[in-house]
Amino acid sequence: MRPWMIVLALWLPFAAMANEAKPLAEDPVTEQRMIALSENLRCLVCQNESLAGSRADLAQDLRQEIREQIRAGKSDEQVIDYLTQRYGDFVLYNPPVKPLTWLLWFGPFALLIGSVGGLYAYIKRRGNRPVDEPLSEEEKKRVADLLGNNGNKS
């Protein structure tokens, strides 16, 4: 028996078990709306990936949920409201500005303003320090002792 026949005989059961690829959606319009919606939603498992691009099981379940909501005739806003009621604003890539999200929206600016204010205060305080004050004779002798000059002047 030739080797290629053995390989073919080993692969034949896998070919018999293979199924035809399932269509993503029966309605391409529904699929397009689902993709458009899920690109603006965050995957709850992957967090830095959109719901459209995630391969997590929960993301697949959420995409299926969005499809069902769309088939039920709900608008995009209603679908997003449903998901935010269920999972919170965390599911949105662009959460609304409200007291709960103020830190998210304004926190970086507050941190920047605080940092600039701290830097200004540091520079202003540092500018008041005496600079180029000459060393006294005692200080010069101590420096020379520390540097090992043994009193030699250079």
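Contact here means that heavy atoms lie within 4.5 Å. The structure described is a predicted model.

In this model the protein contains six helices and zero strands. Read along the sequence, the order of elements is α-α-α-α-α-α. Of the 154 residues in the protein, 21% are buried. Among contacts with a separation of 6 or more, 43% are accounted for by residues 24 or more positions apart. The exposed surface of the protein amounts to about 12900 Å², and carbon and sulfur atoms supply 59% of this area.

The largest nonpolar core is made up of 15 residues. Those with the most contacts inside this core are Leu-41, Leu-51, Ile-66, Ile-70, Val-79, Leu-83 and Val-91. At least two residues of the core come from each of α2 (28-38), α3 (57-71) and α4 (76-87). The greatest contribution is that of α3, which gives four residues.

The surroundings of Ile-70, one of the core residues with the most contacts, were examined further. When neighbours within four places in sequence are left aside, Ile-70 is in contact with Thr-30, Arg-33, Met-34, Leu-37 and Val-79. Val-79 is likewise listed among the residues with the most contacts inside the core.

A second position considered is Ser-50, which is found in the loop between α2 and α3. The relative accessible area of Ser-50 is 17%. Buried means under 20% relative accessible area, and Ser-50 is therefore classed as buried. With neighbours within four places in sequence again left aside, Ser-50 is in contact with Ser-38, Glu-39, Leu-41, Cys-43 and Tyr-93. Among these partners, Leu-41 is also named with the residues that have the most contacts inside the largest nonpolar core.

Ring interactions were also examined. The structure holds zero aromatic pairs. A charged side chain is nevertheless placed over a ring: Arg-42 lies over the face of Phe-90, at 4.9 Å from the ring centre.

Residues 102-123 carry the annotation "transmembrane region" in an unreviewed UniProt entry. In the predicted model, the chain over residues 102-123 is 100% helix and 0% strand. The C-alpha atoms at the two ends of this segment are 31 Å apart.

Methods. Residues are numbered from 1 along each chain as its sequence is written. This is a predicted model: local features need pLDDT of at least 70, side-chain atom pairs count only at pLDDT 80 or more; totals for chains, interfaces and linings use all residues. Side-chain values use heavy atoms; hydrogens and water are left out. Buried means under 20% relative accessible area, exposed over 50%, partly exposed in between (1.4 Å probe, protein chains only). Accessible areas come from the Shrake-Rupley method with a 1.4 Å probe; for residues, only the protein chains shown count as cover. Rings of Phe, Tyr and Trp (its six-membered ring) pair if their centres lie within 6.5 Å; planes under 30 degrees apart count as stacked, over 60 as edge-to-face and the rest as tilted. A charge sits over a ring if NZ of Lys or CZ of Arg is within 6 Å of the ring centre and within 35 degrees of the ring normal. UniProt positions are given in the numbering used here, feature names are shortened, and annotations may be inferred rather than shown by experiment. A nonpolar core is a set of buried Ala, Val, Leu, Ile, Met, Phe, Trp, Tyr and Cys residues joined through side-chain atoms within 4.5 Å.
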